[in-house]
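Take a moment to look over the sequence and the model before reading on. The text below moves through the structure one part at a time.

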Amino acid sequence: MGKKNVLILVLASMIIASCGMQRQGKPDASEQYVVMLSMDGFRWDYADRVETPWLDYIAGNGVSTEYVKPAFPTKTFPNHYTMATGLYPDNHGIVDNNFTCPEVGTYRLRDRDAVENSDFYYGEPIWVTAEKQDVTAASFFWVGSEAPVQGVQPTYWKRYDGRISYSDRIDTVIDWLQLPLEERPRLITFYFNEPDSKGHYVGPDSPEIDELVMELDSLLGLFINDLKQLPHYNKINLIVTSDHGMTEVTMENYVNIDSYTPRSWYERTHGGNPILHVTPKEGMKDSILAILQTVENISVWEKHEVPERLNYGTSERIEDIVILADSTWSVWWGEPSTRFNTGGAHGWDNAKKDMHTIFYAMGPAFKENYVHTPFELVDLYPMITHIMGLEPAEVDGKLERVKGMFH
Ligand code: AMP
Ligand code: ZN
Ligand code: ZN
């Protein structure tokens, strides 16, 4: 073969190869977007109970999994910050929805000053990783996004206000994605507080949850249709996930700590059914342990004795003793009430099936129609840095656990 013919052959094969790449349409990691939606308290099996054509659409065109395992305690604030940082609560500092930090003070999810106080947040949220590497980030509500962490906040962020409608949130996310390239966020996190709120009220097995799940799925459909209109739709990865599941509670299966130990024995108490962490008054620890460790249907540990698989107990923000109700049991102070002892709750051991949650994702990074083995919420951070070509911080999450879902 002559030199000229070889050249033609080489050129031809290069053209064919590049056409192939275009057909696949896989943009470079540095061009890909990640849009992550959390629908609070979306239990792993809710979508199996009713028609959810849009979650099915994501599964068909992307990746799904039977369930994702949240971090312990399976509560909203610890887990949203785990999703953001790739760290277990022991390491990211938001050890519960409420806690006391000896140096900083008391954190409560409804205390604006606390939620916006940077000193409570350890680790490196994904939007900080992005912004530090000159990638613009946006957040329409996410735990930790309302305070600068390492001095950095998402370029666009919103102070939490549950009254803002989901469709307004969707519209704003779409507006952000239509900004001129130099202002446009390439990482967006956003949040719906359902089906958690209703799940607490009516319990996870109520037909009202079925209806709500179908409504949320329709909203998701509107969002996907909007995304499809964008000229850069083929560069957008959409992740739909959640922070934990939900289980039914009853008036009967209830342990009232006041029936065993007087409140005056405690210096400080934190947490919420089914997990409490308490610090006894001086000299009372042994008595509290001796009594509560004989009570059935709860586990009571000194914090350093909490089973290792829960990754919970090294933080100074966890009180001295951890009390966790067994599966299907509740624990709290005082007489049971219909307000707290009917309906649903979450917070149990993250091995409990009902605490597991969902993951659906589609876009250029993800395989199509692929069911991945279960993984952990802590793995979302390395997943996102991998997709976007960002240098990750050191985290507890493992890319190896999720990399089978990528092309
Ligand atoms: P819980 O079910 O007690 O673990 O907490 C869920 C509640 O957390 C939701 O109903 C929201 O109202 C609330 N929430 C979620 N994100 C935020 C935030 N960024 N700031 C304040 N409250 C929030
Ligand atoms: Zn939640
Ligand atoms: Zn909740």
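**From one arginine to two zinc ions**

Arg-159 is partly exposed, with a relative accessibility of 48%; on this scale, buried is under 20% relative accessible area, exposed is over 50%, and partly exposed is in between (1.4 Å probe, protein chains only). The model is predicted, so local features need pLDDT of at least 70 and side-chain atom pairs count only at pLDDT 80 or more, while totals for chains, interfaces and linings use all residues. Residues are numbered from 1 along each chain as its sequence is written, chains are lettered from A and ligands numbered from 1 in the order in which they are written, and side-chain values use heavy atoms, leaving out hydrogens and water.

Arg-159 has a partner in Glu-116: the two form a salt bridge whose closest N and O atoms are 2.7 Å apart (a side-chain nitrogen of Lys or Arg within 4 Å of a carboxyl oxygen of Asp or Glu). This pair links distant parts of the chain, 43 residues apart: Glu-116 is in the loop between helix H6 (112-115) and helix H7 (126-132), and Arg-159 is in the loop between strand E7 (156-157) and helix H8 (166-177). Helices (H or I, at least four residues) and strands (E, at least two) are DSSP runs, numbered from the N terminus. Glu-116 also forms a salt bridge with Arg-112, with 2.8 Å between the closest N and O atoms. Glu-116 is partly exposed at 23% relative accessible area, and Arg-112 is partly exposed at 29%.

Why can such pairs form? Side chains of opposite charge can pair when their charged atoms come close. The whole structure holds 19 salt bridges. Another of them joins the side chains of Arg-49 and Asp-205, at 3.7 Å from N to O. Here the partners are 156 residues apart, with Arg-49 in helix H2 and Asp-205 in the loop between H9 and helix H10 (207-229). Arg-49 is partly exposed at 29% relative accessibility, and Asp-205 is partly exposed at 48%. Both belong to a network of salt bridges that links Arg-43, Asp-45, Arg-49, Asp-205, Asp-210 and Asp-354.

Next come the metals. Which residues coordinate the zinc ion (ligand 2)? The donors are Asp-40, listed twice through OD, Thr-76 through OG1, Asp-243 through OD and His-244 through NE2, at 2.0 to 2.8 Å. Donors are N, O and S atoms within 2.8 Å of the metal (3.2 Å for Na, K and Ca), and sites may look incomplete because water is not among the atoms. Along the sequence, the donor residues of the zinc ion (ligand 2) follow the spacing D-x35-T-x166-D-H. Asp-40 is in the loop between strand E1 (33-39) and helix H2 (46-49), whereas His-244 is in the loop between strand E9 (236-241) and strand E10 (247-248), 204 residues apart. Asp-40 is buried at 1% relative accessible area, and His-244 is buried at 0%.

The zinc ion (ligand 3) is 4.3 Å from the zinc ion (ligand 2). Its coordination comes from Asp-196, listed twice through OD, and from His-200 and His-346 through NE2, at 2.0 to 2.5 Å. The sequence spacing of these donor residues is D-x3-H-x145-H. Asp-196 and His-200 are both in helix H9 (residues 196-202), four residues apart, which is about one turn of the helix. Asp-196 is buried at 9% relative accessible area, whereas His-200 is partly exposed at 30%.

The chain can also be read as domains. Domain 1 covers 3-248 + 364-405 and domain 2 covers 250-342, with bounds from an automatic or database domain assignment. Their centres, taken over C-alpha atoms, are 33 Å apart. In contact (heavy atoms within 4.5 Å) are 22 residues from domain 1 and 21 residues from domain 2. Strand E4 (98-101) and strand E5 (105-108) each supply at least two residues of the side of domain 1 that touches domain 2, and E4 gives the largest share, four residues. How many salt bridges are counted between domain 1 and domain 2? The count between them is zero.

Last is Glu-319, in the loop between strand E14 (298-302) and strand E15 (321-325). Glu-319 is buried at 3% relative accessible area. Leaving aside residues up to four places away in sequence, the residues that Glu-319 touches include Thr-100, His-270 and Lys-303.
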